[in-house]
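This report describes selected features of a protein model, taking the sheet, the helices and the cysteines in turn. The sequence and structure come first.

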Amino acid sequence: MNADSQSTARANSAWGRALAKTLLELGVEQIVFSPGSRSTPLVLGCENQDGLQTIPILDERTAAFFALGLGKRSGKPTVLICTSGSAPTHWFPAVVEADHSGTPLLLLSADRPPELQDCGAGQTINQTELFARFTRVFHQIPLPDQSENSLNELKEIIVRAYSETIGRNPGPVHLNFPFREPLLSEDGEEIASDLPSITPPLPARPDADPPRTAEILDILGSCKRPLVLAGEHAPLETFAKWDRSNGPPILCDSLSPLRETTFHTRILRFENLLRNDGFRQRAQPDAILQLGPLPTSKTLRKWLGKLDVPRVVIDPRGRKVDPLPNPSSSFDLEYLVISSLDFPECEKGWTDQWIESEKEVESKFDQYFRDEQGWFEGKLTRALSTHLPEGSQLQVANSMPIRDLEWFWKGSDLGRSLFGNRGVNGIDGTLGTALGLAHDSQKPSFLLTGELAFLHDSNALLASRQLSGNLTVFLVNNQGGGIFENLPVAGLPAFEKCFATPQECNFK
């Protein structure tokens, strides 16, 4: 190895070590990577850093969803590393889900140096802004240089990127690292061991803006029959002031943490209630407060879309989360701002009619599921809601399982955590996400999935040996039926071939 090659190799090693030390300082604990050559400096830097757990996963698609699951559980950025070329493109479905669900991911792709771009070099594509608007920001990292100034600049970029993943609108951030060969130093000399510490500029949440909160009260301040929609991400503290008899009815998203509390005014059976003409007439609200994205229920959305009442939508990420056709007023404020607002007391009997009507539905459900001897998807969901252990966590696949959860899950006070990839509602990465949720968790972990979602992510089975912990999978094999059987196409001759697509697989 000549002097220039040795200098290149040492700079590459310095880059990898500086990266690993900075990630450790920032509090990163887990690095998920897929094997590849060009990413050698990044992977070895992290592998040789005490305090970082490196998790090898064969294919990049599963690796990305595994990291997504880790991020959903912890709320902290998980780091992904891969080699150049087509490798980072396999991250795309998980990146899109992370973008829409507000899950922090730090994407570190290795790349060829500038002289190997646009000339037919192997494993080389244009990785600049590869994920476009689905990442919060893109950073093109310069070629490695072991000078102190360059290493400090690298560290500053990493710190800034970390901060950007957990900002006001959390999500993925992409850093692209070009490396020249040789990728590995032969002398093993340690570089960048004494870089100065940098305090990460973690984002401060903005204080509530008095004029904006006053505007909310102007819209909702005179309502007597308010209805609150609790989205997946609205924390329990948001609703503390309403946990009493005169609080408003709070309709809970499938994954809302309110489902696993004894909150007095939470409503879970709104899908059933709103299918009743008489109840819809009696339960006309005079205002709607929507916290985050809407629940899955089409019945609810259709009903809300026809109401001519004021509607306030709050989402702290500054994203539009209102697909309904009627007007609304949107506010990019923290959910907890609600706890500081003085809303009027509800009209007598307004909340009680929701609570009592729900009790009637729940009683009929209890009797039905007690008497029903056969099995169907809804009965499995109901059984899980009454038997999963306290504090456990459940990942729920999209299509029918998430709707079965919305329709049949019996609420409890067991504090179980409910998860799903509801950012873009796809079946991508169902098993991989569940494995990430379960990894290194001290809680019993479960997955409820249909067979198509499971098979769609069957590559994730290869990552099961990396799992530290446990994951129990409940798999519903309905021969690809499920949600498509509820669509108009179900009666067409082409239904089974073109939509249900049943698979021949012995899951045993």
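The sections below begin with the basis of the values and then turn to the structure.

## Basis of the values

This is a predicted model, in which local features need pLDDT of at least 70 and side-chain atom pairs count only at pLDDT 80 or more, while totals for chains, interfaces and linings use all residues. Residues are numbered from 1 along each chain as its sequence is written, and side-chain values use heavy atoms, with hydrogens and water left out.

## The parallel sheet

Helices (H or I, at least four residues) and strands (E, at least two) are DSSP runs, numbered from the N terminus, and two strands pair if DSSP finds at least two bridges between them. On that basis, six strands form an open sheet in the order β2-β1-β3-β4-β6-β5, with parallel pairing. The edges are occupied by β2 (53-56) and β5 (138-140), each of which has a single partner strand, so one side of each is left without a neighbour in the sheet. Direction ignored, neighbouring strands of this sheet are turned by 20 degrees against each other on average; axes here are lines fitted to C-alpha atoms, for helices over the stretch in contact, and angles run from 0 to 180 degrees between N-to-C directions.

The edge strand β5 runs parallel to β6 (residues 172-178) and is joined to β6 by three bridges. Within this pair, H139 stands opposite L175 of β6.

## Helices on the sheet

Two helices pack on the sheet, with contact meaning heavy atoms within 4.5 Å. Helix α2 (residues 40-47) touches β1 (30-33), β2, β3 (78-82), β4 (105-111) and β6, and its direction makes about 140 degrees with that of β3. Helix α3 (residues 60-74) touches β1, β2, β3 and β4, at about 170 degrees to the direction of β3.

Helix α3 also meets helix α4 (residues 92-101), their axes coming within 8 Å and crossing at roughly 20 degrees. The two helices are therefore roughly parallel to each other, a term that covers angles under 35 degrees. Their contact involves R61, A64, F65, L68 and K72 of α3, and P93, A94, E97, A98 and S101 of α4.

## Cysteines

The whole structure contains zero disulfides, a disulfide being a pair of cysteine sulfur atoms within 2.5 Å. For C223, the nearest cysteine sulfur is that of C346, 7.2 Å away; for C252, the nearest is also that of C346, at 15 Å. C252 is buried, with a relative accessible area of 0%, where buried means under 20% relative accessible area (1.4 Å probe, protein chains only). C223 likewise counts as buried, at 8% relative accessibility.

Note on methods:
Buried < 20%, exposed > 50% of the residue type's maximum accessible area, 1.4 Å probe, protein only. Parallel < 35°, antiparallel > 145°, perpendicular 65-115°, else oblique.
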